[in-house]
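Here are my notes on the model you sent, set out as numbered points. They begin with the nucleic acid and then turn to the contact between the protein chains.

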Protein chains: 2
Amino acid sequence: MTTNASPTSVDRILTAATRIAQAHGYGGLNLRALADQVGIKAGSLYHHFPSKADLAAAVARRYAEDSAVVLAALEADTGRPELALRRYPETFRRSLENDNRMCLCSFMAAEYDDLPAAVQHAIQAFADINVAWLARMLQAAGLAGAKPAHLRASAIFAAVSGAQLMARGKADIALFDALMDNYRAAGLFSA
Amino acid sequence: MTTNASPTSVDRILTAATRIAQAHGYGGLNLRALADQVGIKAGSLYHHFPSKADLAAAVARRYAEDSAVVLAALEADTGRPELALRRYPETFRRSLENDNRMCLCSFMAAEYDDLPAAVQHAIQAFADINVAWLARMLQAAGLAGAKPAHLRASAIFAAVSGAQLMARGKADIALFDALMDNYRAAGLFSA
DNA sequence: ACCTGAACACCGTTCAAGT
DNA sequence: ACCTGAACACCGTTCAAGT
């Protein structure tokens, strides 16, 4: 059990880097700008992480872990899998509310070819965590059907990701909400 | 009517730049690498375009125009709007086949905040063209329903974009196909 | 008209040097 | 242990100079 009296340098670096990467991606993660936000020089970052690749991998891994915690909390809070499914888009909406940011995983999926291997793996892990959670909720809600649940889960994940991407491109959260309503009406999260 | 005996320098630049941008985005579009592919020096690019921003805007505008032509051809080829709708994902699939590339618009939607204004507008135009075409097909097929057709069209566009993003992240075209099957079964393109 | 080579400020990264 | 300043090769961009 760790105390959190005041965040460590590494924590502050990871938090700032996550926010930058959600808005500008891996390529747009400027180490001089990041260091500025943390109050150190760019060279000092290399005392905490051996390279930008390692820093970004740490960011992506922590992002995936945090996502798992959020999903577990959503499951526990709602109690019912049907409700948890319907509220799944909330985390994606929260990124848009937060200065039109994106899911780190979606941005980096676009940048995939230019990503260091460690970051690629962390991104895969994020997607896997989300799909596994969705598949479990679908099955618990008795919505698995004939097709494999993980495929249905992937369809939900892709649709929500695409809606976030489109809403961000138009800087229009109302569009994201309208798309989610449309998907709900089409039975994407239920029937 | 223009002849196309041999492509102009500008054409060759735009074609190469489009391919690079589909794989690496605006930020990943390296002018020295682009110039190399075309067989000139980076500085020479500025004789054809006043800046990287203008070059990218030209790329995005041509991409949107080409997309309009492809959609018109799909409409004409199939004759029936229901069939045109079902075959809509083909263009997105083609990008993935082409060295795991993405729709330029999706990549740049992620990069939106870092894009020059002219590029942002061209990206919006691409999305608008796609949504308008989809809405027209939905209406022609009598699938408009109570909700506005452009919203239903946006839902299709977002879902296909998200599926492409996810399939690219896994470098797995079969996943894209499976997701499209899933969406078709759910009635996204029809019922 | 079209191209080059050299230069500018900026990036990721390294490293000697400080405390 | 943690940080800085200066340096490296690389980027977008400019521009004088060539043909």
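**Notes on the predicted model**

1. Around DNA strand C there are 15 residues, and the closest of them are A:Asn30, A:Arg32, A:Tyr46, B:Lys41 and B:Ser44. Of the atoms of DNA strand C that come within 4 Å of the protein, 59% belong to sugar and phosphate. Please keep in mind throughout that this is a predicted model, and that the distances quoted below are computed from it.

2. Phosphate oxygens of DNA strand C are approached from both chains. On chain A, a polar backbone atom of A:Lys52 lies 3.0 Å from a phosphate oxygen of this strand. On chain B, the side chain of B:Ser44 places an N or O atom 2.9 Å from a phosphate oxygen, and the side chain of B:His48 places one at 2.8 Å. The elements that contribute two or more residues to the surface near DNA strand C are helix H2 (31–38) of chain A and helix H3 (45–48) of chain B. Sorted by class, this surface holds 5 nonpolar, 6 polar and 4 charged residues.

3. DNA strand D is likewise surrounded by 15 residues, with A:Lys41, A:Ser44, B:Asn30, B:Tyr46 and B:Lys52 as the closest. Sugar and phosphate make up 61% of the atoms of DNA strand D that come within 4 Å of the protein. The surface near DNA strand D is composed of 5 nonpolar, 6 polar and 4 charged residues.

4. Which parts of DNA strand D do the side chains of A:His48, B:Asn30 and B:Arg32 approach? For A:His48, a side-chain N or O atom is 2.8 Å from a phosphate oxygen, and for B:Asn30 the corresponding distance to a phosphate oxygen is 2.5 Å. The side chain of B:Arg32, in contrast, has an N or O atom 2.8 Å from a base nitrogen. Helix H3 (45–48) of chain A and helix H2 (31–38) of chain B are the elements that give two or more residues to the surface near this strand.

5. Turning to the protein interface, 36 residues of chain A are in contact with 37 residues of chain B. Together the two chains bury about 3100 Å², of which 61% is on carbon and sulfur atoms. A:Ala110, A:Leu165 and A:Met166 supply 18% of the area that chain A buries against chain B, which is more than any other three residues supply.

6. The interface also has a polar side, with 4 salt bridges found between chain A and chain B and 16 residue pairs in polar contact. In one salt bridge, the side chain of B:Arg168 meets that of A:Asp113 at 3.6 Å, N to O. On the side of chain A that touches chain B, at least two residues each come from helix H1 (9–24), helix H7 (104–110), helix H8 (117–140), helix H9 (149–169) and helix H10 (173–185). The largest share, 13 residues, comes from H9(A). By class, that side of chain A has 20 nonpolar, 8 polar and 8 charged residues.

7. How are the two chains related to each other? Chain A superposes on chain B by a rotation of 180 degrees with 0.0 Å of shift along the axis, at an RMSD of 0.0 Å, and the two copies are therefore related as by a two-fold rotation axis. In chain A, the C-alpha nearest this axis is that of A:Gly162, at 1.8 Å. Both copies use the same surface, since 100% of the contact residues of chain A recur in chain B.

Notes. Residues numbered from 1 in each chain as written. Chains lettered and ligands numbered in written order. Predicted model: local features only at pLDDT ≥ 70, side-chain atom pairs only at ≥ 80, totals over all residues. Heavy atoms only, no water. Near = heavy atom within 4 Å. Polar contact = N/O pair within 3.5 Å; in protein donor to acceptor, adjacent residues only side chain to side chain. Helix = DSSP H or I, 4+ residues; strand = E, 2+ residues; numbered from the N terminus. Nonpolar A, V, L, I, M, F, W, Y, C, P; charged D, E, K, R; others polar. Contact = heavy atoms within 4.5 Å. Buried area = accessible area lost by both parts, 1.4 Å probe. Least-squares fit on C-alpha atoms with pLDDT ≥ 70 in both.
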